[in-house]
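Please read this report with the sequence and the model side by side, moving from the overall fold to the charged side chains.

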Amino acid sequence: QVQLVESGGGLVQPGGSLRLSCAASGSMFRINDMAWYRQAPGKQRELVARITRSGNTNYADSVKDRFTISRDNAKNSVYLQMNSLKPEDTAVYYCNADITGRNLRGYDAWGQGTQVTVSS
């Protein structure tokens, strides 16, 4: 099974920036799409941004033009650059990866989550 480990969360003032990182480790055939989700207290988990293996991206309307998702296939890693942060971006951010296992079966892998708090 693949493990995803996130890093880079923390406390930042409104208007500030943070960069989240997520690295995958373990036995796998291929990592397909990778994504970042977030879940604020009392709310459902929502998709923030997704990136295909070839680099095509899509974003939630609420983060367009502020957040940038990228990946490094050689490092099995995905990143989320978050700029112009707002208090409403406060949430636990989760890394997600669509994995093809060595048995060629697909499954979803999730990280443990990293807290992002935007507050003055």
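Two residues are said to be in contact when heavy atoms lie within 4.5 Å of each other. In this predicted model, residues 24 or more positions apart account for 54% of the contacts with a separation of 6 or more. The chain has eleven strands and zero helices, and its C-alpha trace spans about 50 × 25 × 25 Å along the principal axes. The radius of gyration is 14 Å, which agrees with the value near 14 Å that a compact globule of 120 residues would have. Of these 120 residues, 42% are buried, while the accessible surface comes to about 6,400 Å², with 44% of it belonging to carbon and sulfur atoms.

Turning to charge, the chain carries 14 positive and 10 negative side chains, and the centres of the two sets lie 5 Å apart. Side chains of opposite charge can pair when their charged atoms come close. The count of salt bridges comes to four, and the table lists three, including their N to O distances.

| Pair | N to O distance |
|---|---|
| Arg38 and Glu46 | 2.7 Å |
| Asp61 and Lys64 | 3.2 Å |
| Arg66 and Asp89 | 2.7 Å |

Arg66 lies in the loop between β6 (57-59) and β7 (67-72), and Asp89 in the loop between β8 (77-82) and β9 (91-100), so their pairing ties together parts that are 23 residues apart in sequence. Both Arg66 and Asp89 are buried, and salt bridges that share partners join them with Arg38 and Glu46 into one network. Within that network, Arg38 is buried, with a relative accessible area of 6%, whereas Glu46 is partly exposed, at 34%.

Note on methods: Residues numbered from 1 in each chain as written. Predicted model: local features only at pLDDT ≥ 70, side-chain atom pairs only at ≥ 80, totals over all residues. Heavy atoms only, no water. Helix = DSSP H or I, 4+ residues; strand = E, 2+ residues; numbered from the N terminus. Rg over C-alpha atoms; globule rule 2.2 N^0.38 Å. Buried < 20%, exposed > 50% of the residue type's maximum accessible area, 1.4 Å probe, protein only. Areas by Shrake-Rupley, 256 points an atom, 1.4 Å probe, with all protein chains shown as cover. Lys, Arg positive; Asp, Glu negative; His and termini not counted. Charge placed at Lys NZ, Arg CZ, Asp CG, Glu CD. Salt bridge = Lys/Arg side-chain N within 4 Å of Asp/Glu carboxyl O.
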